[in-house]
Amino acid sequence: MKLVPITPHIGVEVEGIDLRAPVADDDFTRIRHALNQHSLLLFRGQTLNEAQHVAFSRRFGTLLGHVLTQFLKKEHPEVYVLSNVRENGAPIGNHKEGWNWHSDLSYKTEPSLGALLYALEVPPVEGDTWFGSMHAAWDALDAQTQSKIRPLHATHSYANYYGKAFADRNPLSDEQKAAVPDVTHPLVRTHPETGRLSLYVGEDVVKQIEGLPADEGDALLARLNKHATSPEFAYRHKWRAGDLLVWDNRSTMHRATPYDDVAYRRVMHRTTVAGDRPF
Ligand code: OGA
Ligand code: MN
């Protein structure tokens with residue numbers, strides 16, 4: 001197994017490992033350490049079935065479901081499907097999932113530690129995913145902004161995200177809304193394993209910064225989101241079928257990008273690892 005850095009701020013490609021078989025403990029220790037240090041891992045050329053994807057994912061922790069239960073696989077409910085494909089008149093997965101910058105499940109009290117996204121079918125062009133290092137974004141802020149935002153908190157809201165991203169769909173049911181009430185998180189979070197700080201923001205899912213007049217809070221949030229999502233801290237992944245990406249939601253944000261969803265199919269399987277409360 002060989003680890004090859006992708007960019008200075010984020011990403012490592014892990015070569016020479018077939019994830020269909022159980023990963024040896026010492027290899028997994030290196031993988032886990034690399035995730036903490038580089039925030040994003042790329043495994044190319046994999047041929048995983050759902051059970052193998054789930055088994056490798058479980059090494060990282062407990063796996064979570066999703067409020068949109070219709071997109072969880074029946075036989076493997078740990079697998080959440082992202083896709084533009086429809087079968088028998090119904091979508092097989094969530095289309096346009098994550099088309100704005102976010103960290104997964106930040107709308108939960110205990111957001112996701114990380115996720116493992118496996119590409120089954122991808123368009124020949126576009127449909128890339130951006131990943132940004134929120135450590136790098138934090139480090140690059142001027143000292144005055146750092147000390148101003150260090151004590152601040154923000155409201156994260158799935159309902160706010162859903163309303164903006166999926167305005168053309170049926171609204172969330174009362175039951176779904178009750179499952180994802182708004183939550184409060186610090187704007188600056190500490191990585192629980194490395195102690196490094198990162199900027200914890202997001203587009204649409206972050207409704208407001210708490211304790212500031214609305215217009216001042218909105219302006220600050222817009223400025224921080226713009227800074228955090230600058231290409232200088234980011235890596236743009238061009239997918240190939242058989243790619244598995246693992247990312248650390250405690251130190252990154254990511255964003256899907258559009259593609260020709262009439263001409264091409266995109267089918268992705270995601271498992272989501274449980275995390276702890278940001279501090
Ligand atoms: C996700 C996600 C982006 C993509 O799986 O959490 O945001 O490009 N995916 O599919
Ligand atoms: Mn996501």
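This passage walks through a sheet, the helices that pack on it, several salt bridges and the surroundings of a ligand. The structure is a predicted model, and it is a good idea to keep it in view while reading.

A convenient place to start is the sheet. Seven strands come together in an open sheet, and their order across it is S1-S2-S3-S15-S7-S17-S4. The pairing within this sheet is mixed. At its two edges lie strand S1, residues 2-5, and strand S4, residues 80-83, each of which pairs on one side only. From one strand to its neighbour the direction turns by 25° on average, with direction ignored. Within the sheet, strand S3 (residues 40-43) runs antiparallel to strand S15 (residues 244-248), and four bridges join the two. One position to look for here is Leu41, whose bridge partner in S15 is Val246.

Two helices can be placed against these strands. Helix H1, spanning residues 25-38, packs on the sheet and touches S1, S2, S3, S7 and S15. The direction of helix H1 makes about 130° with that of S3. Helix H2, made of residues 50-58, lies across S3, S7, S15 and S17. Relative to strand S17 (267-274), helix H2 runs at about 30°. Strands S3, S7 and S15 therefore appear in the description of both helices, as contacts of H1 and as strands that H2 lies across, where contact stands for heavy atoms within 4.5 Å.

Charged side chains come next. The model holds 16 salt bridges, and three of them are described here. In one, Arg20 joins Asp18, with 2.7 Å between the closest N and O atoms. Both partners are partly exposed: Arg20 has a relative accessible area of 45%, and Asp18 has a relative accessibility of 39%.

Another salt bridge brings together the side chains of Lys238 and Asp128, at 3.1 Å from N to O. This pair links distant parts of the chain, since its members are 110 residues apart. Lys238 sits in the loop between S14 and S15, while Asp128 belongs to the loop between S7 and S8. Their surroundings contrast as well: Lys238 is exposed, with a relative accessible area of 53%, whereas Asp128 is buried at 5% relative accessibility.

The third salt bridge is formed by Glu193 and Arg250, whose closest N and O atoms are 2.9 Å apart. Because Glu193 lies in the loop between S11 and S12 and Arg250 in the loop between S15 and S16, the pair ties together parts that are 57 residues apart in sequence. Glu193 is partly exposed, at 43% relative accessible area, and Arg250 is buried, at 3% relative accessibility. The two residues also belong to a network of salt bridges that links Arg32, Glu193, Asp248 and Arg250.

The last stop is ligand 1. Around ligand 1 are Leu82, His102, Asp104, Leu117, Thr129, Trp247, His254, Ala256, Arg266 and Arg270. Some of these residues approach oxygen atoms of the ligand with their polar side-chain atoms. For Arg270, a polar side-chain atom lies 2.7 Å from an oxygen atom of ligand 1. In the side chain of Asp104, an N or O atom is 3.0 Å from an oxygen atom of ligand 1. The side chain of His254 likewise has an N or O atom 3.0 Å from an oxygen atom of ligand 1.

Conventions:
Residues numbered from 1 in each chain as written. Chains lettered and ligands numbered in written order. Predicted model: local features only at pLDDT ≥ 70, side-chain atom pairs only at ≥ 80, totals over all residues. Heavy atoms only, no water. Pairing = 2+ DSSP bridges. Axes fitted to C-alpha atoms, helices over the stretch in contact; angles between N-to-C directions. Salt bridge = Lys/Arg side-chain N within 4 Å of Asp/Glu carboxyl O. Buried < 20%, exposed > 50% of the residue type's maximum accessible area, 1.4 Å probe, protein only. Near = heavy atom within 4 Å. Polar contact = N/O pair within 3.5 Å; in protein donor to acceptor, adjacent residues only side chain to side chain.
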